[in-house]
Amino acid sequence: METGAQDGSSGYSTMDDYESLISTTDAELLKRAWQNEKAAPQILRFEAALIQRSREQIKLMEETVGEFTRNGIDPLTVSLYQMDLDRTVFLLRSYLRTRLQKIEKYVFHIQKTAELWNRLSRQEKRFAERCIEDMEKHLDQSVLSKLPSSYKSHLKQSSSSEEDDMVPEPRLDTYVICRSKRFLGAFQLDDRQFPVNIEADDLYALPYKSIKPLVETGQIDLV
Amino acid sequence: MYGKKGSELVKELASSEPGQLSAFNNDLFAQVIDECTGHLHHLGSLIRKIEELKKIEEIKKLNNQELEESEKQLLKAHNSGALIHHLSLLRNKRCLMAYVYNRAETIRSLGWAVERVLPEEIEEKLSGSEKEYFKNHAASLQSYMSELDLDLAVDMVPPKDPYIKVRVLEDIGNVLLSDQSANLARHAILFLRRTDAEQYISQAIFTLMLW
Amino acid sequence: MANYYDIDDVLAEQEFLPVLFQQGAEGVGLFDSGDDANEVEAGAKVELPFCLARDLHVRGVVAIDVPPYFRKVSRTRKEIEADAAHVDLRSRCQYFYELGLKIAPLAGDKSIGPFLLVAFQTRYKEVLVKAHTAASAVASKHLTLLTNEEVKLCEAGQSSTAAFKK
């Protein structure tokens, strides 16, 4: 909650202040998770705990705003709480939406890659399975059923293909803008001859592939 | 032949406006499928010939003989021909798949933007299978949203806050705004109505603080 | 193929190239007659789309002829060296860079890669400058010289300028 709405008559307790502090941190975490997910070409780990807490806080904020409105708290204060609520709800929705769109686009690849499949929430896994079903049926009906027998696969171009050569994948060598919270020192990127010094709070434009592990462990954030 | 018609289908995609669908080109699509049948036919007769020649090779081997040079060349030529037809089939498959797949992507984005029922002018551009795909996809999305009890198809742009946070850059003193009286002291951080703040922002008296 | 469904990749591979048949091919109606008995003889010079040419080249059925605009000694190279930004690459090949990158490993000419890079880098600046500043009349004339990849760059630049102004 933004500071500035210090109204003594609203009955703030120390517990409320503490909880506001926690939820501010969560708001930051949600924003970061949202930014990372938007910028990363690949789907990231599902922040189950954070999303759960965010949903609970949203509920709490909705109740608070309702209460304030009923008790005739001044419109400015109510507006500020409402703004916060709107922002948090937007981030949550956008975070989940971004993930769904990545799933839709790369569902065959995600299904084949255990590491990626395990990054999905339970509900996302169910959604992914339906996406696969819908797409397979559509491709089959429209194209594959009309082709000669050794060309009917939606994963292999023909039965003489050695591997699944029809599976779209995100490009991991796209450049992303990133920032580290801490000094990470000399970091060896794959295809550079000399290591890059990663200082805290500086912005860098790097290929996602080279910082992938750092993003996944939360050491670097995408912007 | 040899992928030309197939790429015409894909060219159609490339030349349409992003996010817009043209009518499903049933004619051209069917022509490409027909070409595939043609290639399969040629492939079949070439393979039969190849097997005949291979049999001859086997028999000759048993007699410690080899194929004549002309027979060897003939075998090579048939293999090359078969390869060309196989590659053409792969090419046509790719064009057909790319056509359907990329249209499906656009159809999915419609599912995010419109209600579960498509407007008529869009529906008449879709093939039968595409209409079904749209329905199925919308249902899959709906199922996910119900499980979470959260509507994701709203709130597509960040909320434009009626109140914004600004930092004062110059000492202006007390001003009467639409909903409050504020002291515009240098370095002060204030919450103001966006409409009130805009004139000061454009004069560089305020700077907008992003959340 | 991670980009199996990528429209630009599909179209880039449809670009035609001259090839020399190293051996005969049986039963191919390359001259559109669809006749079973049609054959191509060793030594025949034919134009094929890249997607076919590449696989046939790799199997030794044909030898790809590097298009003139990629060759070491060519008017295109001279024009790029002189004034890269104003060379009409689009008329040579709409998918100039994409095709060049695909041909380079097959052609055995190591200079193609660096040449593409230099051409792109020099023209890149011009493309961005025009994208952010040019009046529409100048801009549309300039567009006719650009390859597919460059047009996309230009459009991206223009849309971000427009978004910024909002």
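Helix α6(C) has a kink of about 25 degrees, centred on R123(C). Keep in mind that this is a predicted model. Even with that bend, the helix keeps its length: α6 of chain C covers residues 112-133, and at 1.5 Å a residue its 22 residues should span 32 Å, which agrees with the 32 Å between its end C-alpha atoms.

What is buried along α6(C)? I112(C), F115(C), L116(C), A119(C), R123(C), V127(C), K130(C) and A131(C) are. So R123(C), where the kink is centred, is itself one of the buried residues of α6(C). As a rule, an α-helix has 3.6 residues a turn, so residues three or four places apart point the same way.

Zooming out, chain C splits into domain 1 (7-64) and domain 2 (69-165). Where they meet, eight residues of domain 1 of chain C contact eight residues of domain 2 of chain C. On the domain 1 side, α1 (7-12) and α2 (50-58) of chain C each put in at least two residues. By class, that side of domain 1 has four nonpolar, one polar and three charged residues.

Chain C also touches chain B, with 29 residues from chain B and 24 residues from chain C taking part. On the chain B side, α1 (4-15), α2 (26-62) and α3 (69-113) each supply at least two residues. Which helix gives the largest share of that side? That's α3(B), with 17 residues. The chain B side divides into 14 nonpolar, eleven polar and four charged residues.

Here are the two contact sides broken down by class:

| Side | Nonpolar | Polar | Charged |
|---|---|---|---|
| Chain B, touching chain C | 14 residues | eleven residues | four residues |
| Domain 1 of chain C, touching domain 2 of chain C | four residues | one residue | three residues |

On to chain A, which has six helices and five strands. From the N terminus on, its elements run α-α-α-α-α-β-β-β-β-α-β. Of its 223 residues, 23% are buried. Among contacts in chain A between residues at least 6 apart in sequence, 62% join residues at least 24 apart.

How far can you trust chain A? Its pLDDT averages 86, and 87% of the residues score at least 70. Among its elements, helix α5 (residues 122-142) has the highest mean pLDDT (97), while helix α1 (residues 14-39) has the lowest (74). Over residues 1-15 of chain A the pLDDT is below 50, and this stretch has twelve contacts beyond near neighbours in sequence. Where pLDDT is low, the predicted coordinates should not be read in detail.

Notes
Residues numbered from 1 in each chain as written. Chains lettered and ligands numbered in written order. Predicted model: local features only at pLDDT ≥ 70, side-chain atom pairs only at ≥ 80, totals over all residues. Contact = placed C-beta atoms within 7 Å. Helix = DSSP H or I, 4+ residues; strand = E, 2+ residues; numbered from the N terminus. Nonpolar A, V, L, I, M, F, W, Y, C, P; charged D, E, K, R; others polar. pLDDT = per-residue confidence, 0-100. Domains from an automatic or database assignment. Expected span 1.5 Å × (residues − 1). Bend = angle between axes of the 7 residues up to and from the residue. Buried ≥ 20, exposed ≤ 12 C-beta atoms within 10 Å, placed from the backbone.
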